[in-house]
Amino acid sequence: MEEKRYLTFALGKGRLAKKTLQLFEKIGITCQEINDPDTRKLIFVNEELKLRFFLAKGPDVPTYVEYGAADIGIVGKDTILEEARNIYEVLDLGFGKCRMCICGPESARDLLQHHEQIRVATKYPRIAKDYFYNKKHQTVEIIKLNGSIELAPIVGLSEVICDIVETGTTLRENGLTVLEEVCPLSARVVVNQVSMKMENERITKLIRDLKKVISE
Ligand code: PRP
């Protein structure tokens, strides 16, 4: 019999990775080493199932998958939209649920309704651009930031932000509010387009198994 090749998974580091590994355990895919908090190893192997896993920065996951360095990726919908890579999105895992929103002080609500030329700070310039230009037909200036986006309207860098809202605590504690909703978000499974054809049987089975446990 022909030796199976490794299927490689790229997992977005952080919140999603932990939940993803718990879900994989439920379908019989385990990888002990990856759970060791002290390890500096970058790649983990399950010899028996011929699987490999690595953790990457979220925005890099679609890149690894597009180029085939990973067959499968687990990443947030926000990152999929922002990176806009040529990959297949095959499954909504139903966790990591949150929303992409336009937020700001209550006083900024008017500026959104009257199509004023405003500044929008965000870690997601493509999503913000698509929302304002293609959906709202409002011309805005987009300012790219790398984190703590809520600071921008507080210190006067922008009128509003386009950012992820999960519990709403960060907004509340900083006197900001959701002004408009862009789209719902959650963790998704993405697949390399060639792998989907070449390893169709294994990947389809994996998706089927995952679907089964998430619907339980
Ligand atoms: C995200 C997001 C918000 C916060 C929302 O930031 O950008 O700041 O979480 O969560 P909440 O609604 O539950 O308060 P993250 O912690 O990923 O860090 P960042 O500010 O560096 O982007």
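Reader: In what order do the five strands of the open sheet lie?

Author: This is a predicted model, where local features need pLDDT of at least 70 and side-chain atom pairs count only at 80 or more, while totals for chains, interfaces and linings use all residues. Residues are numbered from 1 along each chain as its sequence is written, and side-chain values use heavy atoms, with hydrogens and water left out. Strands here are DSSP E runs of at least two residues, helices H or I runs of at least four, both numbered from the N terminus, and two strands pair if DSSP finds at least two bridges between them. The pairing is mixed, and the order is β8-β7-β9-β6-β10.

Reader: Okay, which strands are the edges?

Author: Look for strands that pair on one side only. Those are β8 (141-144) and β10 (177-185).

Reader: And which residue of β10 stands opposite Met100?

Author: Strand β6 (residues 98-104) runs antiparallel to β10, with seven bridges joining them. Opposite Met100 you'll find Cys183.

Reader: Which element gives the largest share of the largest nonpolar core?

Author: A nonpolar core is a set of buried (under 20% relative accessible area, 1.4 Å probe, protein chains only) Ala, Val, Leu, Ile, Met, Phe, Trp, Tyr and Cys residues joined through side-chain atoms within 4.5 Å. The largest one has 28 residues, with Phe9 and Phe53 among those with the most contacts inside it. Elements giving two or more residues include β1 (7-12), β3 (51-56) and α9 (200-215). The largest share, five residues, comes from α9.

Reader: How many residues are in the other core, the one with Tyr124?

Author: That core lies apart from the largest one, and Ala128, Tyr131 and Leu185 are also among its residues. Its count is 19 residues.

Definitions and conventions
Buried means under 20% relative accessible area, exposed over 50%, partly exposed in between (1.4 Å probe, protein chains only).
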